[in-house]
2 protein chains.
Amino acid sequence: MSDRPPPGTETPARPRRSDATRAAILNAARDRFAAEGYERATIRAIARDAGIDPSMVMRYYGNKEGLFVAATDIDLRMPDLTAVDRDRLGERLVRHFLDVWEHDERLTGMVRVGVTVDAGAERLRSVFRDQLAPVIAAVCPVPDEAAVRAALVGSQIIGMAMARYVVRIPPATGLSHDEVVAWLAPTVQRYLTAERP
Amino acid sequence: MSDRPPPGTETPARPRRSDATRAAILNAARDRFAAEGYERATIRAIARDAGIDPSMVMRYYGNKEGLFVAATDIDLRMPDLTAVDRDRLGERLVRHFLDVWEHDERLTGMVRVGVTVDAGAERLRSVFRDQLAPVIAAVCPVPDEAAVRAALVGSQIIGMAMARYVVRIPPATGLSHDEVVAWLAPTVQRYLTAERP
DNA sequence: TGTGTTGGTCAACGCTTGTTGGCAACGTAC
DNA sequence: GTACGTTGCCAACAAGCGTTGACCAACACA
């Protein structure tokens, strides 16, 4: 409890001896949550992975939900779309997401958790709101339409991610990157730039 | 164990006194699995909902996974697409799925479970394979392309379902049925009928 | 009427879970 | 050098889980 300095008066970044342990816990937690979902990822297993005692997890993160919140920071590494040819926005986005999904299995896991537990769903909503929506709003001429267009793009992207990486529907897993781009890019392009129907 | 008659010699349909109980268990199981996912839905809670003892669940369905398998039959009630105008296939499909998703919350729940536990993912794959793919293959002129086209359609449909009903991303939940159809129908139509890119 | 089958309850089992509190070793500041 | 906060381990807790087996009541059938 006398662990973190009082919020607001936070000291710049005084390193603590336990920082390595904290990091190890977060790393193990991310992997376990991603691989097994919220319920099956036990504090005991996470602690074992991190090479410490389960009680340390409690001391540093309060309880399991606290650990989950601390462990799940999702970064989509969104590109700046204003620098992209207007008629290649769809292709650029689809390619980017294929890249992100494929290089960080934790994202798949976070979707898994986001679907199961409330705190996870809130995380996904915040990722949509803070990372995807703004980037899309920046290239949307009518500000009022930005949110809906972002949601549409998000729906197609997350749907393909579900099909390929989470549920693993065979025809979807068999597609090459180029094939996925060829099919999905026009969809995303239309959601971004087409007149509102 | 001496419960079901030996498979193969199954007697036509002799009703058992316990049929009502069995049905009550399945109903309660469906609701609990849908609402809380596989892990949080406990056999004890399901039995309580059904008004019987937990041990009955074990007797009738062997174990928790057996109950899950028995409880999760998903019926998409797919329409016959061969009777639909070729250039309205997209609209027809999107409208159908909106209808199905909105009238059976259990579907949402099954996605939740399908994402979490292996047996659930297998269920989703079988639904895709046995219910969605055949219907789409029936209107696909090039048989070899049917599976991929079905997967593409499925990705957009399941993505919108995730956005609207599971994660509940605000801009997506705010869309009316007609708006969803207006945006998604052309996408699905293209996945179904457009030349392979 | 007697006997085997079916539908159901009850109490307990072994196990895992998140969580807690006590206690030892270490480092640092006075 | 002693007092104190930090870091860590250990052992235990209460609760909840899936699962089992003994036992009873009602029925079906001879």
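Let me start with helix α8 of chain A, where 19 of the 21 residues are buried, so that this helix is largely enclosed by the rest of the structure. Please keep in mind throughout that this is a predicted model. The helix runs over residues 146–166 and reaches 28 Å from its first C-alpha to its last, which is close to the 30 Å expected at 1.5 Å a residue. Just after α8(A), the backbone changes character at A:Arg168, which takes a positive phi of about 60°.

From there I would like to move to the contact between the two protein chains. On this interface, 42 residues of chain A are in contact with 42 residues of chain B, and the two chains bury about 3,700 Å² between them, with 72% of that area on carbon and sulfur atoms. Which three residues supply more of the area that chain A buries against chain B than any other three? They are A:Val115, A:Val167 and A:Trp183, which together supply 20% of it.

One residue that touches the other chain deserves a closer look, and that is A:Thr187, which lies in helix α10 of chain A, residues 177–193. Is A:Thr187 buried or exposed? With a relative accessible area of 1%, A:Thr187 counts as buried, because the cut-off for that term is under 20%. Leaving aside neighbours within four places in sequence, the contacts of A:Thr187 are A:Gln156 in its own chain and, across in chain B, B:Gln156, B:Thr187, B:Arg190 and B:Tyr191. With B:Tyr191 there is also a polar contact, of 2.8 Å, between the two side chains.

Now to the DNA, beginning with strand C. This strand is surrounded by 20 residues, and the closest are A:Arg44, A:Lys64, B:Ser18, B:Thr21 and B:Arg59. By class, the surface near strand C has 6 nonpolar, 6 polar and 8 charged residues. As for which elements form it, α2 and α3 of chain A, together with α3 of chain B, each supply at least two residues, and α3(B) gives the most, with 4 residues. Of the atoms of strand C that come within 4 Å of the protein, 51% belong to sugar or phosphate, and the rest belong to bases. At the phosphates, polar backbone atoms of chain A take part, with A:Ile43 at 3.2 Å from a phosphate oxygen of strand C and A:Lys64 at 2.9 Å from a phosphate oxygen of strand C. From chain B, an N or O atom in the side chain of B:Thr21 is 2.9 Å from a phosphate oxygen of strand C.

Turning to DNA strand D, we find 20 residues surrounding it, and the closest are A:Thr21, A:Asp53, A:Arg59, B:Thr42 and B:Arg44. Sugar and phosphate account for 48% of the atoms of strand D that come within 4 Å of the protein. Here the elements that each supply at least two residues are α3 of chain A, with α2 and α3 of chain B, and the largest share, 4 residues, comes from α3(A). The surface near strand D has 5 nonpolar, 8 polar and 7 charged residues.

Which polar atoms approach the bases of strand D? A polar side-chain atom of B:Arg44 lies 2.4 Å from a base nitrogen of strand D, while an N or O atom in the side chain of A:Arg44 is 3.5 Å from a base nitrogen of that strand. On the backbone of strand D, a phosphate oxygen lies 3.1 Å from a polar side-chain atom of A:Tyr60.

Key
Residues are numbered from 1 along each chain as its sequence is written. Chains are lettered from A and ligands numbered from 1 in the order in which they are written. This is a predicted model: local features need pLDDT of at least 70, side-chain atom pairs count only at pLDDT 80 or more; totals for chains, interfaces and linings use all residues. Side-chain values use heavy atoms; hydrogens and water are left out. A residue is near a molecule or strand if one of its heavy atoms lies within 4 Å of it. A polar contact is a pair of N or O atoms within 3.5 Å; within protein, one must be able to donate a hydrogen and the other to accept it, and residues adjacent in sequence count only if both atoms are side-chain atoms. Ala, Val, Leu, Ile, Met, Phe, Trp, Tyr, Cys and Pro count as nonpolar, Asp, Glu, Lys and Arg as charged, and the others, Gly among them, as polar. Buried means under 20% relative accessible area, exposed over 50%, partly exposed in between (1.4 Å probe, protein chains only). Contact means heavy atoms within 4.5 Å. The expected span of a helix is 1.5 Å times one less than its number of residues. Buried area is the accessible area (1.4 Å probe) that two parts lose on being put together, summed over both.
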